[in-house]
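Please find below some remarks on the structure, set out as numbered points. They begin with the chain as a whole and then turn to one pair of helices.

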Amino acid sequence: MTQLSDEKRLTVAIGCDPNAATLKEIIIGQLKEMGYTVKDFGSDDPIYARVAFAVGEAVAAKSFDRGILLCGTGIGMSIAANKVPGIFAALCADTYSAERAIKSNNANVLTIGAFTTGTEVAKQIVKTWMEARWQTGTASEPKVACYVEYAGKHQV
């Protein structure tokens, strides 16, 4: 079991469409093994947007620190989640993007495609994303502040 430092252990909301149910179960197991608290928002609804909205709303309400959404490509979940005010979802297909999603963009939801990303790569992406931390005082901070401000004014 990978142990986290003494910092607060993050909580994760996760959901998917029926296409990604197997990968979701693997990721849930991985997250629990890493010491995270996880809530499963389901995988039975073929209208993936409803799952994305539920996970997004839970993260936006600060009931969870981060969200993970899975579908065939990850694209639909990313689009749907980004409709929830306060959500900044990033579709990642590699570990570098996953790291930068947090460090450069402070994303609070990760999306992955179950059909486009192999299981082991998906697990590496999740590990990297969960271990990355947003840092203030960097060159990215004013860039992120700009789109957070815009989203707040326009409810996107």
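**Notes on the chain and one helix pair**

1. For a chain of 156 residues, a compact globule would be expected to have a radius of gyration near 15 Å; the value here is 14 Å, which agrees. It should be kept in mind that this is a predicted model.

2. Along the principal axes, the C-alpha atoms occupy a box of roughly 40 × 35 × 25 Å. Of the 156 residues in the chain, 44% are buried.

3. The chain contains six helices and five strands. Read from the N terminus, their order is β-α-β-α-β-α-β-α-β-α-α.

4. Contacts between residues at least 6 apart in sequence were also examined: 70% of them join residues at least 24 apart.

5. How are helix 4 and helix 5 arranged relative to each other? Helix 4 spans residues 95-103 and helix 5 spans residues 119-131; they pack at an angle of about 25°, and their axes lie 8 Å apart. Angles under 35 degrees count as roughly parallel, and the two helices are therefore described as roughly parallel to each other. The crossing of helix 4 past helix 5 is right-handed.

6. Which residues form the contact between these two helices? Helix 4 contributes Thr-95, Ala-98, Glu-99, Ala-101 and Ile-102, which meet Gln-124, Ile-125, Thr-128 and Trp-129 of helix 5. By class, the residues of this contact comprise five nonpolar, three polar and one charged.

Technical notes
Residues numbered from 1 in each chain as written. Predicted model: local features only at pLDDT ≥ 70, side-chain atom pairs only at ≥ 80, totals over all residues. Heavy atoms only, no water. Axes fitted to C-alpha atoms, helices over the stretch in contact; angles between N-to-C directions. Helix = DSSP H or I, 4+ residues; strand = E, 2+ residues; numbered from the N terminus. Parallel < 35°, antiparallel > 145°, perpendicular 65-115°, else oblique. Left-handed = near helix turned anticlockwise from the far one by under 90°. Contact = heavy atoms within 4.5 Å. Nonpolar A, V, L, I, M, F, W, Y, C, P; charged D, E, K, R; others polar. Rg over C-alpha atoms; globule rule 2.2 N^0.38 Å. Buried < 20%, exposed > 50% of the residue type's maximum accessible area, 1.4 Å probe, protein only.
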